[in-house]
Amino acid sequence: MPRNALLLLSRLLLAALLVPSGFQALANISGTTDYFAGLGLPLPMLAAWGTGLFELIAGLLILVGFQTRIAALLLAAFCIAAGFIGHYGQGADDATLAFLHQQMLMKDIAIAGGFLALAMAGAGAWAIDGRSFGIGADAT
């Protein structure tokens, strides 16, 4: 499969995780806030709004391939932080729940790897970054 097609597919698959997650977080802001409060985060309402907006906006940037390298680096850091905040050491009283959280942590780490690869490769030609007329043009 050609490079640009694979980069487009990568962006579509990564955005398919983030955009719906951002929408869900914002559509159920009270539930998202309760989740963050349960994790012991300070200012859980601010964390809920910030996370929802970040996932939505950064996911859309990845989808269309605009400022892809920057967005991908930020998302890699976000995935690592979210994985450790949300899953590390969770469910210790229940072996099944602990296993689930461990798997989710590893999933977040793997997704961060995908974002780092995308940051290195760029968005490809089939993206806004791939066009020669925009800021952050990426000749990959």
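This short report walks through the overall build, the nonpolar cores and a surface patch of one protein.

**Overall build**

The model is predicted. Five helices and zero strands are found in the protein, and from the N terminus on its elements run α-α-α-α-α. Some whole-protein values are gathered here.

| Property | Value |
|---|---|
| Span of the C-alpha trace along the principal axes | about 50 × 30 × 20 Å |
| Share of the 140 residues that are buried | 35% |
| Exposed area of the protein | about 7800 Å² |
| Share of the exposed area from carbon and sulfur atoms | 73% |

Among contacts with a separation of 6 or more, 62% join residues 24 or more positions apart.

**Inside the protein**

Let's look inside next. The largest nonpolar core has 16 residues, and those with the most contacts inside it are Leu14, Ile62, Ala72, Leu75, Phe115 and Leu118. Two or more residues each come from H1, H3, helix H4 (68-87) and helix H5 (95-121). H5 gives the largest share of this core, six residues. Ala72 makes a good example: leaving aside its neighbours within four places in sequence, Ala72 is in contact with Ile62, Phe115, Leu118 and Ala119. A second, separate core has seven residues, including Ala15, Val19, Leu26 and Ala48.

**On the surface**

Leu12, Leu60, Leu63, Val64, Phe66 and Ile128 make a nonpolar surface patch of about 430 Å². Helix H3 (residues 44-64) supplies the largest share of this patch, three residues. Leu12, by contrast, is found in helix H1 (residues 3-27). Its relative accessible area is 39%, so Leu12 counts as partly exposed.

Key:
Residues are numbered from 1 along each chain as its sequence is written. This is a predicted model: local features need pLDDT of at least 70, side-chain atom pairs count only at pLDDT 80 or more; totals for chains, interfaces and linings use all residues. Side-chain values use heavy atoms; hydrogens and water are left out. Patches are made of residues with over 30% relative accessible area and no salt bridge: like charges are joined within 9 Å, nonpolar side chains (Val, Leu, Ile, Met, Phe, Trp, Tyr) within 5 Å. Accessible areas come from the Shrake-Rupley method with a 1.4 Å probe; for residues, only the protein chains shown count as cover. A salt bridge is a side-chain nitrogen of Lys or Arg within 4 Å of a carboxyl oxygen of Asp or Glu. Helices (H or I, at least four residues) and strands (E, at least two) are DSSP runs, numbered from the N terminus. Buried means under 20% relative accessible area, exposed over 50%, partly exposed in between (1.4 Å probe, protein chains only). A nonpolar core is a set of buried Ala, Val, Leu, Ile, Met, Phe, Trp, Tyr and Cys residues joined through side-chain atoms within 4.5 Å. Contact means heavy atoms within 4.5 Å.
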